[in-house]
Amino acid sequence: MASAPQEPNSNVPNVGNNDGKTWRMPNLPPQLRKASFKDMWRNDPLIIIGTGLTAVILCGGLYSMFSGKQKLSQSFMRARVIAQGATVALIIGSAYWKGLPALKQKQDEERKRQMEMK
């Protein structure tokens with residue numbers, strides 16, 4: 001299936017592959033664009049720390065498992081589950097906390113609309 005030639009647009013980069021065909025990357029809203037590590041660290045440092053801690057514990061558990069230290073490996077894997085659960089809880093809590101201002105604004109707008117109708 002041949003694609004139609006696309007006119008150049010400086011806002012949307014072309015991404016090519018080896019056969020010479022290109023496709024357009026979509027224009028994403030600012031909320032969905034890829035954030036830099038600095039932005040993520042500034043916004044959610046505990047999530048970054050929790051993810052890193054989970055990865056370190058996982059690597060320690062895998063190393064101890066392959067070196068034959070079964071009890072230590074089991075302890076690492078239990079700690080990983082706890083760290084992973086805490087990280088997921090932080091992600092959910094952060095999403096809730098960041099959504100609160102929008103929720104409050106929506107509720108305030110609804111109250112104002114109801115007051116105007118009376």
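**Figure 1. S94 and its contacts with D44 and I47.** Leaving aside residues up to four places away in sequence, S94 touches D44 and I47. This is a predicted model, so please read the views that follow in that light. S94 itself sits in helix α3, which covers residues 70–117. Is S94 buried or exposed? With a relative accessible area of 15%, S94 is buried, because buried means under 20%.

**Figure 2. N43 and S94 across the chain.** Now let us bring N43 into the picture with S94. N43 belongs to helix α1, made of residues 37–43. How far apart are the C-alpha atoms of N43 and S94? They are separated by 9.4 Å, while the two positions lie 51 residues apart along the chain, counted as their sequence separation. N43 has a relative accessible area of 47% and is partly exposed, whereas S94 is buried at 15%.

**Figure 3. A89 and I47, another pair to look at.** A89 is found in helix α3. The C-alpha atoms of A89 and I47 are separated by 9.4 Å, and the two residues are 42 apart along the chain. A89 counts as partly exposed, with 47% relative accessibility. I47 may already be familiar to you, as one of the residues that S94 touches.

**Figure 4. Helices α2 and α3 side by side.** Two packed helices are described by the angle between their axes and the distance between the axes. Here, the axes of helix α2 (residues 45–66) and α3 come within 8 Å and cross at roughly 165°. That angle makes α2 roughly antiparallel to α3, because the cut-off for this description is over 145 degrees. The crossing of the two helices, α2 and α3, is left-handed. Which kinds of residues make up the contact of α2 with α3? They divide into 14 nonpolar, ten polar and one charged.

**Figure 5. Stepping back to the whole chain.** To finish, here is the setting for the close-ups. The chain holds three helices and two strands, and from the N terminus on its elements run β-β-α-α-α. Of its 118 residues, 11% count as buried; S94 is a buried residue, as seen above. The accessible surface of the chain comes to about 10,400 Å², and 63% of this belongs to carbon and sulfur atoms. Among contacts between residues at least 6 apart in sequence, 29% join residues at least 24 apart.

Methods. Residues are numbered from 1 along each chain as its sequence is written. This is a predicted model: local features need pLDDT of at least 70, side-chain atom pairs count only at pLDDT 80 or more; totals for chains, interfaces and linings use all residues. Side-chain values use heavy atoms; hydrogens and water are left out. Helices (H or I, at least four residues) and strands (E, at least two) are DSSP runs, numbered from the N terminus. Buried means under 20% relative accessible area, exposed over 50%, partly exposed in between (1.4 Å probe, protein chains only). Contact means heavy atoms within 4.5 Å. Accessible areas come from the Shrake-Rupley method with a 1.4 Å probe; for residues, only the protein chains shown count as cover. Axes are lines fitted to C-alpha atoms, for helices over the stretch in contact, and angles run from 0 to 180 degrees between N-to-C directions. Angles under 35 degrees count as roughly parallel, over 145 as roughly antiparallel, 65 to 115 as roughly perpendicular and the rest as oblique. A crossing is left-handed if the near helix is turned anticlockwise from the far one by less than a right angle, and right-handed if clockwise. Ala, Val, Leu, Ile, Met, Phe, Trp, Tyr, Cys and Pro count as nonpolar, Asp, Glu, Lys and Arg as charged, and the others, Gly among them, as polar.
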